[in-house]
Structure formats: structure tokens, C-alpha cells
Amino acid sequence: QVDSEGNRVSTNTEASGRYHTDWLNMMYPRLRLARNLLSDDGVIFISIDDNEVDNLKKICNEVFGEDNFEGLIAWRRRHNQPNDKSKMIAKVSENIVVFAKDSGVLSERKSYGGLPLSKERMAAYNNPDNDPLGAWSTNPWKAAVGRGGTSYTITTPTGRTYTETWYGNKDTFDQYLQEGRVHWTDKGNGLPRIKIYLEEAKKEGQAAINFFTHEKFGCNQDASSELEKIFNRKGLFDNPKPVMLVKSLLMLASNSDSIILDFFSGSSTTAHAVMQLNAEDGGNRKFIMVQLPEPTDEKSEAYKAGYKNICEIGKERIRRAGEKIKEENKDKENIANLDIGFKVLKLDTSNIRKWQPDYDNLEQSILDYVDNYVDGRTELDVVYEIMLKYGLDLTYPVDEFTVAQKKVYSIGFGMLMICL
């Protein structure tokens, strides 16, 4: 564990008798806070190895509720096959625990998305009847046993009738008929199926499953290569997450204007993934990265490159990744408007000195408090503290003016004016 300045204040080795307890005590308040911060249809993804996955699931059941458990994803994070004979089972995967703030709201609003269609899935779409809406596949209209639906009679183009339980009501079916979306099987004698067009399917995406392969979602080696390309240097960060993995999770659980919070942000893969996805689909997602300034080892490549703590790696990655994304997508419409800016804020005590007078020498106490700012703090530090206390977004622009030879700060284009 480290303090707010990144100094190590305790250890939690596996040999410790309180190893699991210490980890749980660290995670529990963070998860309680995370739940409070989630929107009603929000989702949390927690990456975890085998050591604590069962404990994590139990805490999440308590914090989020068992009914809001969405799944446990196994992600293959290593593409190679280890040959470690010291263990019976070599570890190549990692777990991603998924909980919703409220699964009922998530389902009702259909707030979750899909993943890009696979090549195999797209190959199933064709256009044998030259439909002007393009390639299509079909879904059955007859309801599966036990799925429920509406019962009525349908007459085929050849005059055959079927009285069955169908997925939708008669009005919906008639609308599909009018739109030319009904495909009759067996040359017009068989059951009807409903056309699903490829372009619609691409927008809707493919349902996710609970096993993520390294080919489709990337692996640690891919992530290391991504960092190497951005920094032109190897070995800056151990076991980073690949952009494709995080981007896929964003596709599943965010919309175009979501706020994505990562409170163990590491090398800031999440920020990179947010900017990448915004560039691809024109979204306006925003990110908040939270990371203790944990010092880098003096013998590490990161330290030698001038990054004295993990936060410095993340900040530089966001700068470089943003510019790289803009350059790679420069031919896209509106790419110039892609927001790759960010602000860096450090958690600290108040900038305002606490009033603690010496009552035996009150006059001197008052003189000492003529300047009531903490030493070393700037006016801008105070401005941001006032914004926090007023509940204003810290992302609002802060402009500086001079009025009557005094410095004035305009927050959010005049939403709030501050003169100190």
C-alpha cells in the first residue's frame, strides 16, 4: 500500500496472515463508492486473477446484490502456451467480474450494446432476391417452446395455413409483410422467417459471450507492443491491458456520451480506448482516470526514461495516444473535433488555512492570517477548490482576465466569476 504521495506505508505479502483481509479492506470501500457513482443502468467491470476472484464475487454480491451479477468473463491474456512444470495448471487467463447497478433497469432500457460481427457471422448474410436493402439473414417467427408469444393463424403465399405461437402479434407481422421483410420457406409453403439486414446487424452488434479469446480481444503481449509503439521504448509497464479488450467492454456498456471511470488506471489503457472508440463512432465519451502516484523502481525502464511514478506514464500515454489517433484518422470527417484534451488534478488538503487562533495572543493570530492560503498554493489551486465546493465540473474551461488591475477567473464562459 502507498500513501497519497506514492510512498510505501505497508506491505501485503502472500505470507502475511492477513493477506486476503488486507486486500478485502482495500477493495470494499472502493466498490461501495463505485456503486454510488454508477448511473442506474451503469455497469462495472473488475479484472481479477484467481487469487481473489471468489472473495471479490462475495463482496460484489453484498455491495451490488446477487441479482445484478451479469457474468464472469474468462479472458485469455497470454497467447503462448507456458511449459511451467512447477505447477499442475499453468495460468493463461484472467477473470473479469461484471455487475450492473440495476440489471432490471439495464435490461428495460436495453443500455447494453454488442461487439463487432465476426467474419463468419457476416458471411451468413447474402442477397439471393436482390433486395434493395442489401444482404440479409433470417430469424424464425415461430416462437421456441417455452418462450411465450402470441397465437394466431398465418396463411402462406401458396394458401397453406399455420396456427402457431409466434414471437410477435398479428399487427407486427402484417407490418413486416408490408415492408417485404418476410421470407417464406419451402418455396412459399413453409413457416415464415423475418429478414435481418446486414447493415442493421452491424449497428446492433453481436452478443458477447463469457470467453474472450486473445485473437479477438488482444493479450498482454499485444498491449506491451502498443505501449512500445507509442513510447518508442520497451518495458515501461508490466502486464498492461490491450486497447481492444477495454474498447470491447466500452462497446458493451457505454453509449456515445457516457462517462467512464477507471480507479486503478495504471498505464491509462482505458483513456486510450475511450479516445479510440470516439474516433471510430463519433462519440463524445469522457474518461476519469484515478491512480495513486506509485513510484517506479529505480532499476526499471520507466524510471530510466524519466517516469518517476505510474501516473507520469499514464499522462504521457494519453498525450501521445491522442495525437496518434488523430493522425491515423485524419481522413475522417470531423476528426479535427475529436476531444483528446485532459486535465490533471491531484487530491490534496484544502488550500485555505484552518482558523486556529492563539487566544492568548489574538492580535498576532489575526495578523498571521492576513494571508489565509496554505504556503505554496496558487490562486488556480483555490479556483479549482471553489469549483469543487460549488459542484461545478472540473472540465469546465477556466479563463483569466484582468479587471481594475485585479485578476478575475471566468468559469465555463461566465457561469461563475471568481476574484480572489
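Trainee: How far apart are the mean positions of the positive and negative charges of the protein?
Mentor: Keep in mind that this is a predicted model. The protein carries 55 positive and 63 negative charges. Take the mean position of each set, and the gap between the two comes to 5 Å.

Trainee: And what radius of gyration does the protein have, set against a compact globule?
Mentor: Start with the yardstick: for 420 residues, a compact globule would come out near 22 Å. The C-alpha trace here spans about 105 × 65 × 45 Å along its principal axes. The radius of gyration of the protein is 28 Å.

Trainee: What share of the residues is buried?
Mentor: Buried here means under 20% relative accessible area. The exposed surface of the protein is about 26,000 Å², with carbon and sulfur atoms supplying 49% of it. Of the 420 residues, the buried share is 37%.

Trainee: Let's zoom in on helix 14. How far apart are its end C-alpha atoms, and why does that agree with its length?
Mentor: Helix 14 covers residues 379–390, so that's 12 residues at 1.5 Å each. That gives an expected span of 16 Å, and the model agrees, with the end C-alpha atoms apart by 17 Å.

Trainee: Which strands do the buried residues of helix 14 pack against?
Mentor: The buried residues are Val382, Val383, Tyr384, Glu385 and Met387. Their packing partners are strand 12 (398–403), strand 13 (406–411) and strand 14 (416–419).

Trainee: Which residue just after helix 14 takes a positive phi?
Mentor: Helix 14 ends at residue 390. The phi just after the helix is about 75°, and the residue that takes it is Gly391.

How values were computed: Residues numbered from 1 in each chain as written. Predicted model: local features only at pLDDT ≥ 70, side-chain atom pairs only at ≥ 80, totals over all residues. Heavy atoms only, no water. Rg over C-alpha atoms; globule rule 2.2 N^0.38 Å. Buried < 20%, exposed > 50% of the residue type's maximum accessible area, 1.4 Å probe, protein only. Areas by Shrake-Rupley, 256 points an atom, 1.4 Å probe, with all protein chains shown as cover. Lys, Arg positive; Asp, Glu negative; His and termini not counted. Charge placed at Lys NZ, Arg CZ, Asp CG, Glu CD. Helix = DSSP H or I, 4+ residues; strand = E, 2+ residues; numbered from the N terminus. Expected span 1.5 Å × (residues − 1). Contact = heavy atoms within 4.5 Å.
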